[in-house]
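Thanks for sharing this one. Below are a few notes from my read-through, set out as numbered points to check against the view.

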Amino acid sequence: MADDTRREQDLQIYRQLLELWQAENPIKTIKLQFLLASNALLLGFVQLSVTAHRPLMLGGFVLCLIWSLSIGRTVLFQKAWGVRLDEISRRYPDDERFQLLDQRRALAQAPAWLRLLGGVSAKYYLLGAPLGMAGAWLLAAIVVGGH
């Protein structure tokens, strides 16, 4: 009886963690879209500006660094939820309700091209894009400042 009570408690916790884990996905997507849109706008302003190139570029650098921290925090929390989900799912390897995130068998059946493109962890481009853009803005500010 105690095992059944523990399993039900774990299932409730698992469901709550799964909701938290899932909630981070649209947040990451929205943050990345706003990062791209704001950088496109900044690039447009730089093209229109005659004298204010460097301040706009430094602004882009700061914006991208802040975005890196914001997206990094979202990725970190999603990872934390995932770790806790994995801990619970390992307690019940034969209970499908706890194995929702284990997609290895299903992914192995997907076409190779889709596994290649879809297999890149979101954390790499979610964190790489703002850091890369920050580097590009800083480099541009340095180059413009030197002229």
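**Notes on the predicted model**

1. A good place to start is the surface, bearing in mind that this is a predicted model. Leu-41, Phe-45 and Leu-48 together make a nonpolar surface patch, and their combined accessible area is about 370 Å².

2. Within that patch, have a look at Phe-45, which belongs to helix 1 (residues 2-48). Phe-45 counts as partly exposed because its relative accessibility is 47%, and the partly exposed class runs between 20% and 50%.

3. Ser-89 is worth a click too; this serine sits in helix 2 (residues 53-91). With a relative accessible area of 11%, Ser-89 is buried, since the cut-off for that class is under 20%. Leaving aside residues up to four places away in sequence, Ser-89 is in contact with Tyr-14, Phe-98 and Gln-99.

4. Now to helix 5, residues 122-145. Its 24 residues, at 1.5 Å a residue, should span 34 Å, and the C-alpha atoms at its ends are 34 Å apart, so the two values agree.

5. Please also look at Gly-128, where helix 5 bends by about 25°. A proline, Pro-130, follows within four residues of that bend.

6. Which residues of helix 5 are buried? They are Ala-122, Leu-126, Pro-130, Ala-134, Trp-137 and Ala-141. Pro-130 thus appears twice in these notes, as a buried residue and as the proline that follows the bend at Gly-128.

7. As for the partners of helix 5, its buried residues pack against helix 1 and helix 2. These are the helices that hold Phe-45 and Ser-89, respectively.

Notes. Residues are numbered from 1 along each chain as its sequence is written. This is a predicted model: local features need pLDDT of at least 70, side-chain atom pairs count only at pLDDT 80 or more; totals for chains, interfaces and linings use all residues. Side-chain values use heavy atoms; hydrogens and water are left out. Helices (H or I, at least four residues) and strands (E, at least two) are DSSP runs, numbered from the N terminus. Buried means under 20% relative accessible area, exposed over 50%, partly exposed in between (1.4 Å probe, protein chains only). Contact means heavy atoms within 4.5 Å. Patches are made of residues with over 30% relative accessible area and no salt bridge: like charges are joined within 9 Å, nonpolar side chains (Val, Leu, Ile, Met, Phe, Trp, Tyr) within 5 Å. Accessible areas come from the Shrake-Rupley method with a 1.4 Å probe; for residues, only the protein chains shown count as cover. A salt bridge is a side-chain nitrogen of Lys or Arg within 4 Å of a carboxyl oxygen of Asp or Glu. The expected span of a helix is 1.5 Å times one less than its number of residues. The bend at a residue is the angle between axes fitted to the seven residues ending there and the seven starting there.
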